[in-house]
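Hi,

Here is the structure I promised to pass on. Have a look at it first, and my notes on what turned up are below.

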Amino acid sequence: MKIALVTDAWQPQVNGVVTTLVELCKELAATGHQVHVIEPGQFRTRPCPGYAGIDLAVAPGKRLAQALDAFEPDAIHLATEGPLGWAGRRYCLKRRLAFTTAFHTKFPEIVNAAVKVPVSWGYALMRHFHKASSGVMVPTPSVLRMLERKGFRNLRSWTHGVGTELFAFRETAQPCLLMEGLPRPVALFVGRVSYEKNIEAFLNMEFPGSKVVCGVGPVQARLQERHPHARWLGLLPRDELARVYAAADLLVFPSHADTFGLVMVEAMATGTPVAAFPVDGPLEVLSRVGPNGKGTMGGAIDVNLRQACFNALALGRMPAAAHLTSVGPTRASFLPDSSSPRAGQTGLAQWHRPPALSRICHPAGEYCHGFVTIRSSPHVASRIARCPGRPLP
């Protein structure tokens, strides 16, 4: 199948959305599908206001239309709600073509934290963007329920995974030159150093060991000056990041605004437990009840972040890694669909996949469901996309 992926988030940006989409494209290609990525690097761009390192396409409509016309895709997926996402939406609506979208990021909360735009305004705009989508991919059940309460429709479960070849389990914290000489325990933050990550809750927290920050972002300079006691590693290649995870004693995830939190899964895969607040993302990722009725924990959740850190340290490395495999046969899985012929064969985590919901965006699943054919009815978002359909009414 020929799939057009339209995204404002792509390399050289480094974040969970980009990681998810890059891995998705690799797996789609490995299963014989042809993916054409339309991303900001193909257009004239300007920096996103307030977000160094993120460039946005300027007036991309004409060139995007030319690219899609030339590619003649069987399916179109709009991964983000930026300039390219809106241009792709206009293209599809003008030609009466079906398309799918995804809700990766709580932009209303991010914009509110940055420039105080009311959150309700942001969700009104997001609701309008996704209204025409044949299927809105959502990473966790709690975010899906939140969006339902806010009036979003056509929501589809889409959860994410981790490559366990790169992020391999280590029984003990491993030596790492980047952390050499740091007093134990070592608490690690990984992510964009930006407004919405609530990183100051981590940096201001009293902690008996050391704090390490891995990432860059718009508030980095201010925070680095204010917290010189922390070790700031900047942006690291993925293989080096895996070694940093394995060297830490715990990962601290202070965000209230993430829809998933891929870094938590990467940390747990190496055996590093996670401390977080009881909010969307951590509530789904860190605690699960398996088929045997027993609960497992990949870290600790508490309204007091410092207490969550101590509880996570007491948990240890083995339970954190075991949490990923405790309820299914895959290398790292939650609520697996054991009927999938590819389950556990890619080294990518197989996450929640209820029957009849879309599989196309799931790294370890089949790649026929979820992306609708561009001429199919919006009511068949989970049908096999190879089948020719009819124009939209």
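One term before the notes: I call a residue buried when its relative accessible area is under 20%. Also keep in mind that this is a predicted model. The protein chain averages a pLDDT of 80, and 79% of the residues score at least 70.

With that cut-off in hand, start at Phe103. Its relative accessible area is 1%, so Phe103 counts as buried. Phe152 is buried too, at 3%. These two rings form an edge-to-face aromatic pair, with 6.2 Å between the centres and 70° between the planes. The pair ties together distant parts of the chain, 49 residues apart: Phe103 is in the loop between β6 (100-102) and α4 (107-115), while Phe152 is in the loop between α6 (141-149) and β8 (155-157). Tyr123 joins in as well, as ring pairs link Phe103, Tyr123 and Phe152 into a cluster. On top of that, Lys150 lies over the face of Tyr123, 4.6 Å from the ring centre.

How many aromatic pairs are there? The count comes to 6. Another one worth finding is Trp86 with Phe129, which is edge-to-face, at 4.9 Å centre to centre and 70° between the planes. This pair also links distant parts of the chain, since Trp86 belongs to helix α3 (residues 83-94) and Phe129 to helix α5 (residues 119-130), 43 residues apart. Phe129 has a relative accessible area of 0%, so it is buried.

Next, helix α6. Which of its residues are buried? Ser142, Val143, Leu144, Met146 and Leu147 are. Their cover includes α5, β7 (136-138), β8 and α11 (282-285). After α6 comes Gly151, which has a positive phi, near 95°.

Now turn to the sheet. It is an open sheet of 6 strands with parallel pairing, and the order is β11-β10-β9-β12-β13-β16. Which strands stand at the edges? They are β11 (231-234) and β16 (299-301); each has a single partner strand, so one side of each is left without a neighbour in the sheet. From one strand to the next, the twist averages 25°.

At the β11 end, β10 (residues 210-214) pairs with β11 in the parallel sense over 3 bridges. If you want a specific spot to look at, Cys214 has Gly234 in β11 as its bridge partner. Lys211 deserves a glance as well: its charged end sits over the ring of Phe202, 5.8 Å from the centre.

Two helices lie across strands of this sheet. Helix α10 (residues 262-270) lies across β9 (186-190), β12 (250-253) and β13 (274-276), and runs at about 170° to β12. Helix α12 (residues 305-315) lies across β12, β13 and β16, running at about 160° to β13.

Finally, a word on where the confidence drops. Over residues 290-295 the pLDDT stays under 50, and the model has 6 contacts there beyond four places in sequence. Residues 326-370 also stay under 50, and for them the model has 151 contacts beyond four places in sequence.

Cheers

How values were computed:
Residues numbered from 1 in each chain as written. Predicted model: local features only at pLDDT ≥ 70, side-chain atom pairs only at ≥ 80, totals over all residues. Heavy atoms only, no water. Pairing = 2+ DSSP bridges. Helix = DSSP H or I, 4+ residues; strand = E, 2+ residues; numbered from the N terminus. Axes fitted to C-alpha atoms, helices over the stretch in contact; angles between N-to-C directions. Contact = heavy atoms within 4.5 Å. pLDDT = per-residue confidence, 0-100. Phe/Tyr/Trp six-rings, centres within 6.5 Å; stacked < 30°, edge-to-face > 60°. Buried < 20%, exposed > 50% of the residue type's maximum accessible area, 1.4 Å probe, protein only. Lys NZ or Arg CZ within 6 Å of the ring centre and 35° of its normal.
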